[in-house]
Amino acid sequence: MKKIIIQPSGKSIDCPDGESVLSVLEKQGYALPNNCRAGACGECKIKVLSGTFDQGFVMDMALSQADRAAGYGLMCMAKPTSDVLEIEFGTQDAQPKLFPPVENSWHIITDKIQRTDKIMELKLLPLGKAIKFWPGQYAMIGEGTDEHPLRPYSIANAPKQNGELSFFITKEAEGKTSPWIHHDTNIGDNIKVNAPYGTFLGDPSVDTPILCLASGSGLAPILSLLNAYLSRGHKNPVTLLFSAKTKKDLLHFGEMKYLESKYVNFKYKYTLTQESNKDGGLEGRIDAILPDLLPNLANYSIYIAGSVPFVESCKKTVEALGAEEDLIHMEEYFAQQVG
């Protein structure tokens, strides 16, 4: 058994003999870009800081001689030959490389689940190639017409082998697309998707405590990120504080309790803003309750998603509690995105 050390976090991953670095990273939940798995596209190029590896046969157009001399390798074909292989992944210079957006990708609606009075979960599967995305990104979905234009919705699941995409669609009474998705589309219908977009990504190798703050359908990108972090074995505490008006608005309550039972380092907390929390939980806005819940946020990675007022209020609160600006990541929903 070899070991792969990811820098700068220093995270260690076991690598079975004969397995590629890309394969091992994917099994740990890391989404390293790749298009061919055959040493031909160069998408999985990473700098190797120490150790040796068998690069296998790769094409010069994917990994030039200058790249090789500088210590880079293609991880789809690279197999460690030393006991420890140290790679650079997740630094400022090696942030996730965004996948080029795919336009007019037809998907089929496989399920529609009413989660709250206003929010429906929409599940899609691709009719062609699966769209590659990073947890936290969003897609444009709709009919692509003046009546039902494409609108942005965050992807609520982590990447899956079958290309499934899940969205939380909030019905906006004055919108064009969201009422159409709620009422006029059916399971089995085709729908157009353009994706991926957005940079609400964070650092895939971060090794700090994590705090997620969300309200309404802002849970979608948070859920995608949470599943990615937890499934890859993040060891530090991960806390989600979800703000809802009433208990009926607790989106994905069952899945949150499941994740809390499955991962000992994950805590799910919710607060109700317009209803008494008779179950002994939290009541009131996040800016009022967070100082008592987590009074010191120094060295926390913070993810905030929701309406503009919600995000701005949470940002001020976490900054007052010592959160560092470069560790605060925000996803705001603007009025022009209302569908």
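Trainee: Why is phenylalanine 200 called buried?

Mentor: Phenylalanine 200 has a relative accessible area of 2%, and buried means under 20%, with exposed over 50% and partly exposed in between (1.4 Å probe, protein chains only), so phenylalanine 200 counts as buried. This is a predicted model, in which local features need pLDDT of at least 70 and side-chain atom pairs count only at pLDDT 80 or more, while totals for chains, interfaces and linings use all residues. Residues are numbered from 1 along each chain as its sequence is written, and side-chain values use heavy atoms, leaving out hydrogens and water.

Trainee: What makes phenylalanine 200 and tyrosine 303 an aromatic pair, and why is the pair called edge-to-face?

Mentor: Their rings lie 5.9 Å centre to centre with 80 degrees between the planes, and rings of Phe, Tyr and Trp (its six-membered ring) pair if their centres lie within 6.5 Å, with planes under 30 degrees apart counted as stacked, over 60 as edge-to-face and the rest as tilted; the pair is therefore edge-to-face.

Trainee: How do you know that cysteine 76 is in no disulfide?

Mentor: A disulfide is a pair of cysteine sulfur atoms within 2.5 Å, and a search of the whole structure finds zero disulfides. For cysteine 76, the nearest cysteine sulfur, that of cysteine 44, is 3.7 Å away, so the cut-off is not met.

Trainee: Why is phenylalanine 253 called partly exposed?

Mentor: Phenylalanine 253 has a relative accessible area of 31%, which lies between the two cut-offs, so the residue is partly exposed.
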